[in-house]
Amino acid sequence: MVTLNVNGSLRNLDIPDDMPLLWALRDVLNMTGTKFGCGQGLCGACTIHIDGHPMRSCLATVSIAIGKRITTIEGIGATPEGKRVQEAWLALDVPQCGYCQSGQIMSAAALLAESPKPSDANIDERMAGNICRCGTYPRIRAAIKQAAGVKEA
Amino acid sequence: MTNRDLASPSRRGFLTATAAIGGGLLLGFGLHARGEVRDTLTTDAPFAPNAFLRIERTGKVTFVSPMIEMGQGTYTSLPMLIAEELEVDVDTIAIEHSPADDKLYVNPAIGVQMTGASKSIRGFYGPLRQAGAAARIMLVTAAAQRWEVDPSTCHAESGVVVHASTGRRLGYGALVDAAARLPVPEKVGLKDPAEFKLIGTPHRRLDTAGKVDGSAKFGIDTRLPGMKFAVLAQSPTFGGRLIAVDEAKAKAVRGVSQVVRLDDAVAVVASHTFAAKQGLAAADPQWDPGPNAKVSMSDIVGQLARASERPGAVARHEGDAAAVIARAARKVEAVYEQPFLAHATMEPMNCTVQMTTDGCDIWLGTQVPGMTQAAVMKLTGLKREQVRIHNHLLGGGFGRRLDYDGTVRAVQIAQQVSGPVQVIWTREEDIQHDLYRPHYYDRIRAGLDAQGKPVGWSHRIAGSSIIARYYGPGAMKDGVDRDAVESSANLPYHVGAIHVDYVQQEPPAGMHTSWWRGVGATRGTFVVESFMDELAVSAKQDPLAYRIALLDKQPRAQNVLRIAAERSGWGRPLRAGQGRGIALCIGFGSFVAQVVEVIVGKDGAVNPTHLWCAVDCGVQVNPDTIRAQMESGIIFGLSAALHGEITIKNGRVEQTNFGDYQVLRMHEAPRIDVVLVKNLEAPGGVGEPATSCVMPALTNAIFAAKGKRIRKLPVANQLR
């Protein structure tokens, strides 16, 4: 039995502690907002926060999250950065198919928490791990800037 | 839908029947008041004048969408068409995925219930406005009868019928029972485009809310009581067979309940995906590699090259191109090659199936619900009404979900499993068992006169036929695959005598090719727009002016070329290592021109920095969606042009995941400026032409920067 703190709720789960958090969230807790994309930390679709830091939940195991705070897309709106990012995403109609957007938003919220006024280089660096096949990158960049209150170049 | 269909009394009967079948089984979910997207959950709305619309006594309007949302914005643009004529606030419309039905939900521009070919607006621009207008007329008539006034003295606005002279008002909800008893009008008049309030005005997407808070449901998000998870491995070589699995070791993994063996695949079933993955690794499947064990790219390309030396099936023949080229003042010829491509949708292939005593339920995201249903009927022997398809938002389509191989696999597995099972493909499985964009091999040559003007043109395309596989060989016309010769047989430029032919050459048995964003236009546009650039260079003329001069009967094409060029500062000098390239795509009923500005570094790194795109797609429904689709198509096309390539070695795909099948990332995405050309021509498709256009625009820019002609995609390390 392990106890996980997910979006502020303590959840007792009968799962192996080497299980990647992705499957604990999706298959055991039925929290399907966090997406499976590649299973190798290459696409960012499964990004969550552990104690506020962005992590790829397809690689991060249950054991490393014990005693820490897990935040997922279902809970990120409760943080100031997450809320601003979601609002900007809505305002600029960022998503297309939407499948990668949970991960994009989690990475963007973590970026703003660390760099409230990110430069283009910051955005490139911190968002390069999140793939979008629909090509929403220009709108993601613009929405991050809108959420941060910085001007588009 | 025609007026005859609108009048058909069987429609309401069908909807009632769907409700009866669907009722207890289906999962519905509400997102937000604005842009509610529901799984097929038919309510008992009293007013259902056609297959697309239901209005409840509360006034709630539900749109049953014949086309599925896969990112292209159809869950906003199609409701806009309905709302424009129905006179309701589009933001209040709830959207449901349609059930499988190739008749009720046929795309009239295609002939089956298919979301593809950039044909959702083209297929439904008329029918959905008619559906909305017919419903409005019935509601207005019902109100007029209640008030005992002439219907022509009433009008509708924002879901209310108004009798202006007396100020009386009745909401649609109060009228649905009376409206349902009225005949559906045979003929309805539609608004003049000048009266449009919604169509042509940018409107926020209706499906965004669920996509920013994690509540939007894709097929892979299906969760059912008692559902198990299965991870699949198919024969790594095309045409191989399963010979052994260590079932005991697989079952020793905690959570694993079952190993399902098929002739050419194995699946491990478990209580969660992690256990299923571990179980599959423990099962260590052994394969007979089959007849393709030694097949590699050199064999495949060699076959294509030899095929392209044979005369092909003639797609276009005007004049004697061979003779004209032979005596032309100057000759230009080239061979172009384009690789196999995977779709790599962000949502990996998956399908959830429950076999029941009375049939089966299937939860997935598909571009072809009706064809999927038919495939499952064929596999299982079940009747149509016993195969219930529950469609979902698609985590990317790009053509991958026009095939139903994943559903057939999932049903084969579910037939051996008790209770619902979700079959998930790992990313490696998804990349290595895709149905690929064909590897194409094009030979092209032209003769120019003394002024550099083309007088003869000859183009032979060799590659596999998607039409023959998908629709059957009977769908070919005299040996020509009309998709494979797209943008070549219908070349828009004046080139004098012209000969275009096609040689079908299939890849190794067991390897299948399929639709990929831009389809034939993506193949054809790369070749003809690159070659047009070669001719301009040979003629020592500006590539823009050269094209314009050969397009004198194509004013819309000339216009988009001029706009894209002007916005880009065409002709202004650039720094060393920089280049500008231009290309035109006429396709899907639209005209797109793009200019790419590229920097080629000293190390040969290719960096497209800025892109200008002009699009004339006729009537615009949601202009912001058109912009988004241009951005999307450009980045999708750049991924392929710069990096995309699936290669075969010893009968298997070499690439495995996003590490070796690279796609564009944030730092590689150029700035994109889109210009929309406004007019009232028939609506054209916007999902695909930008993908087709960007590849030659990029490689033409590379030529301008470095003088190197890219005749084989991807660009990859060719400049290094």
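Reader: In which sense do strands E20 and E21 of chain B pair?
Author: This is a predicted model. In it, E20(B) covers residues 440-448, and E21(B) covers residues 454-463. Eight bridges link the two strands, and their sense is antiparallel.

Reader: Which residue of E21(B) is the bridge partner of B:Tyr441?
Author: E20(B) and E21(B) form a hairpin, with five residues between them. In the turn, B:Gly452 has a positive phi of about 95 degrees. Across the pair, the partner of B:Tyr441 is B:Ala462.

Reader: How many residues of E21(B) are buried?
Author: A residue counts as buried if 20 or more other C-beta atoms lie within 10 Å of its own. Strand E21(B) is mostly covered. Its buried residues number ten of ten.

Reader: What is the handedness of the β-α-β unit that holds E21(B) and E22(B)?
Author: E22(B) spans residues 497-504 and runs parallel to E21(B), with eight bridges joining them. B:Gly456 stands opposite B:Ala497 in this pair. Helix H14(B), residues 466-471, completes the unit, which is right-handed.

Reader: Which strands stand at the edges of the sheet?
Author: The sheet is open, has five strands with mixed pairing, and follows the order E14-E22-E21-E20-E15 in chain B. Each edge strand has a single partner, so one side of each is left without a neighbour in the sheet. Those strands are E14(B), 313-318, and E15(B), 330-338.

Reader: Which residue of E20(B) does B:Arg330 stand opposite?
Author: E15(B) and E20(B) pair in the antiparallel sense. Nine bridges join them. Opposite B:Arg330 is B:Leu448.

Reader: What angle does H9(B) make with E21(B)?
Author: Helix H9(B), residues 297-307, packs on the sheet. The helix touches E20, E21 and E22 of chain B. Its direction and that of E21(B) make about 140 degrees.

Reader: Across which strands does H15(B) lie?
Author: H15(B) is a helix of residues 519-538. Its direction runs at about 150 degrees to E15(B). The strands it lies across are E15, E20 and E21 of chain B.

Reader: Are H15(B) and H19(B) roughly parallel or roughly antiparallel?
Author: H19(B) covers residues 689-706, and its axis comes within 8 Å of the H15(B) axis. Contacts include B:Phe526 and B:Ser530 on the H15(B) side, and B:Met695 and B:Phe703 on the H19(B) side. The crossing is right-handed, at roughly 30 degrees. Angles under 35 degrees count as roughly parallel, so the two helices are roughly parallel.

Notes: Residues numbered from 1 in each chain as written. Chains lettered and ligands numbered in written order. Predicted model: local features only at pLDDT ≥ 70, side-chain atom pairs only at ≥ 80, totals over all residues. Buried ≥ 20, exposed ≤ 12 C-beta atoms within 10 Å, placed from the backbone. Helix = DSSP H or I, 4+ residues; strand = E, 2+ residues; numbered from the N terminus. Pairing = 2+ DSSP bridges. Right-handed = clockwise from strand over helix to strand, strands pointing away. Axes fitted to C-alpha atoms, helices over the stretch in contact; angles between N-to-C directions. Parallel < 35°, antiparallel > 145°, perpendicular 65-115°, else oblique. Left-handed = near helix turned anticlockwise from the far one by under 90°. Contact = placed C-beta atoms within 7 Å.
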